[in-house]
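Hello,

Here is the structure I promised to pass on to you. Please open it alongside this message, and then read on for what turned up in it.

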Amino acid sequence: MKQAYIFFLAASMFLIAGISIFVTFSSPGHLDSAVGQTLLVTPPSLNLSRVSESATLTSEPYALTILPVTQHIGNRSLPSWGYNGQIPGPLLTVWKGSNHTIVVTNTMPYETTVHWHGLRLENQFDGVPDVTQKPIGPNETFTYQLTFPDAGIFWYHPHIREDYQQEAGLYGMIHVIDETSPHYYPVVLDDIALDANGTVPFYEEVITHAVMGRYGNQYVINGREAYILNVTDSKPIYLAFLNVANVRPFRITIPGAKMTHIEGDLGSLEHEQVIDSFVLAPAERVVVRVEFPAAGTYTLYNDNPLKQTALGTLVVTNPTQLSPNEERTTSGLSALVQPYRSSPPNHTLNLGLDLPNMGHMGAMHVEDRIEWEDTMPMMASITNESVRWTITDAVTKKQNMALQYLWPLGSYQKIRLVNSLESPHPMQHPIHFHGQRFLVLSTNGIPTNSLGWKDTVLVGMGDTVDILLEVSNPGEWMIHCHIAEHLQSGMMSSFIAGDIPAGKNTHAN
Ligand SMILES: [Cu+2]
């Protein structure tokens with residue numbers, strides 16, 4: 001059925017009038033140069049030796065400079081970009097409640113910004129081009145003043161051409177700690193798309209892979225292809241996972257080890273949960289406590305329904321001594337959401353795909369709620385010029401950047417995210433809200449069994465997800481899909497928390 005659907009969709013794609021694209025079936029992932037004229041490139045590396053800098057931020061300004069770097073994968077040398085010349089960028093550790101200054105310098109020949117993902121920071125430092133700041137041009141600097149009101153795992157990445165800049169290595173993790181924080185081991189998951197010549201090309205004029213997103217065929221963890229963690233202590237360890245892939249969702253397992261899910265995007269869950277696996281969409285974070293019943297070697301897998309891939313190894317010297325666990329819990333969330341459980345949503349957002357020249361194709365049968373792998377590599381050369389992903393208000397029908405909500409500070413907005421299968425191409429969407437935090441109330445009517453604050457939620461194909469957004473941080477903020485190619489094919493709306501800034505022409509609802 002799925003094959004038939006894929007064929008039907010691929011065949012239909014050819015029928016889109018007015019689109020002149022060259023699609024090759026013989027070489028999956030190959031992009032004909034006809035899709036764009038100007039290749040995006042990196043200059044020869046300035047940093048041939050890998051550094052692995054971490055920093056605990058102080059009252060001194062911290063310098064973050066985008067530099068060319070060579071990423072070594074197998075026997076390949078890939079020209080890439082890294083913050084301070086390393087991939088990932090420096091792991092930044094800060095205390096909850098602190099303020100810090102970060103001076104970003106851009107040596108790329110392209111514009112960039114830095115978005116501090118998940119922070120409820122001051123709006124002007126949110127890193128959204130032409131909304132909160134001007135882009136940082138080549139050889140320009142921008143000074144960010146950051147505040148860190150929540151403990152947890154956060155990250156930073158560009159908000160211009162994420163498809164290219166983030167895939168090239170521009171991402172880094174932030175640990176915001178308080179007195180109860182454990183020592184976190186960072187596990188930054190990525191996949192990069194390689195072909196016979198190196199990195200599958202990017203073009204200045206267009207975004208490729210606009211339908212499926214750019215799935216990689218080479219996994220990297222913390223910027224390297226082989227992940228090994230030596231565990232010599234007999235205490236439980238805490239793995240902090242972050243997914244920085246353009247589109248790929250991971251399903252993580254560590255067979256034989258006991259995993260307890262303790263934190264989500266913004267700190268502790270209300271109740272810890274022992275789990276066998278977890279799904280991590282782009283931009284999401286999960287912290288698990290891991291205990292090993294015996295010494296030995298354990299494998300970290302991406303184990304999805306289509307494929308099981310070993311990502312790394314944990315070498316354990318001593319079995320974990322099961323000391324009483326110091327539970328990190330957040331109380332009161334169930335009480336907070338109770339009044340909203342059965343109330344109607346304030347807003348319903350439909351997630352969809354607009355292919356203006358394609359007729360209605362009827363309902364699709366989709367077996368999985370998630371595209372785990374690139375099942376349609378023949379569509380790689382379809383660009384954002386012919387595809388428009390949409391966020392649409394169900395009542396006003398306003399779409400993407402024409403949709404701008406106005407929500408009072410201190411309010412809670414119950415928002416229903418509907419990802420209908422009645423779409424030319426159903427796909428899962430990790431939906432991110434900037435500058436605030438939310439709770440996932442339910443998925444397809446089934447209540448979330450352990451609540452925790454989040455900033456990104458994966459809405460599977462055919463799913464309806466209800467969230468409760470706490471409007472706590474003033475400013476104009478984005479709502480968007482965190483699949484880089486979907487974002488750059490239009491899938492972004494905004495909201496204003498608090499008063500309308502002077503001079504803003506809003507489309508408030
Ligand atoms: Cu999407």
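Below is a short tour, from the whole chain down to single residues.

**Overall picture**

Please keep in mind that this is a predicted model. The mean pLDDT of the protein is 88, and 86% of its residues reach 70 or more. Two stretches call for caution. Over residues 1-30 the pLDDT stays under 50, and the model has 42 contacts beyond four places in sequence for them. Residues 505-509 also stay under 50, with 16 contacts of that kind in the model. Where pLDDT is low, the predicted coordinates should not be read in detail.

The protein has 509 residues, of which 47% count as buried. Its secondary structure comes to four helices and 33 strands. Looking at contacts between residues at least 6 apart in sequence, 79% join residues at least 24 apart.

**A sheet of five strands**

One open sheet has five strands in the order β1-β4-β9-β8-β6, and its pairing is mixed. Which strands stand at the edges? They are β1 (54-56) and β6 (115-117); each has a single partner strand, so one side of each is left without a neighbour in the sheet. From one strand to the next, the twist averages 20°.

To see how β6 is held in place in the order, look at β8, residues 152-157: three bridges join the two strands, which run antiparallel. Within this pair, H115 stands opposite H157 of β8.

**A sheet of six strands**

Another open sheet is built from six strands, ordered β13-β10-β15-β20-β17-β18, again with mixed pairing. Here the edges are taken by β13 (218-221) and β18 (267-275), and because each has a single partner strand, one side of each lacks a neighbour in the sheet. The twist in this case averages 25° from one strand to the next.

Inside this sheet, strand β10 (residues 184-192) and strand β15 (residues 237-243) run parallel and are joined by six bridges. V188 has L242 of β15 as its bridge partner.

**The nonpolar core**

L242 comes up again in the largest nonpolar core, which has 126 residues. Along with L189, F241, L439 and I467, L242 touches the most other members. In soluble globular proteins, nonpolar side chains tend to be buried together.

What does L439 contact, leaving aside its neighbours within four places in sequence? The list is L333, V337, L451, W453, I467 and L468. One of these, I467, is also among the core residues that touch the most other members.

**A loop worth a look**

Between β26 (412-418) and β27 (429-433) runs a loop that holds L421, and S420 is found there too. Is L421 buried, exposed or partly exposed? It has 13 C-beta neighbours inside 10 Å, and since partly exposed lies between the limits of 12 or fewer for exposed and 20 or more for buried, L421 counts as partly exposed. S420 has 15 such neighbours, so S420 counts as partly exposed.

Both residues can be placed against other parts of the chain. The C-alpha atoms of L421 and G460 are separated by 9.9 Å, with their positions 39 residues apart along the chain. For S420 and N350, 70 residues apart along the chain, the C-alpha separation is 7.4 Å. Beyond its neighbours within four places in sequence, S420 is in contact with N350 and G352.

Happy exploring, and do write back with any questions.

Best wishes

Methods: Residues are numbered from 1 along each chain as its sequence is written. This is a predicted model: local features need pLDDT of at least 70, side-chain atom pairs count only at pLDDT 80 or more; totals for chains, interfaces and linings use all residues. Two strands pair if DSSP finds at least two bridges between them. Axes are lines fitted to C-alpha atoms, for helices over the stretch in contact, and angles run from 0 to 180 degrees between N-to-C directions. A nonpolar core is a set of buried Ala, Val, Leu, Ile, Met, Phe, Trp, Tyr and Cys residues joined through C-beta atoms within 7 Å. Two residues are in contact if their C-beta atoms, placed from the backbone, lie within 7 Å. pLDDT is the predictor's confidence in each residue, from 0 to 100.
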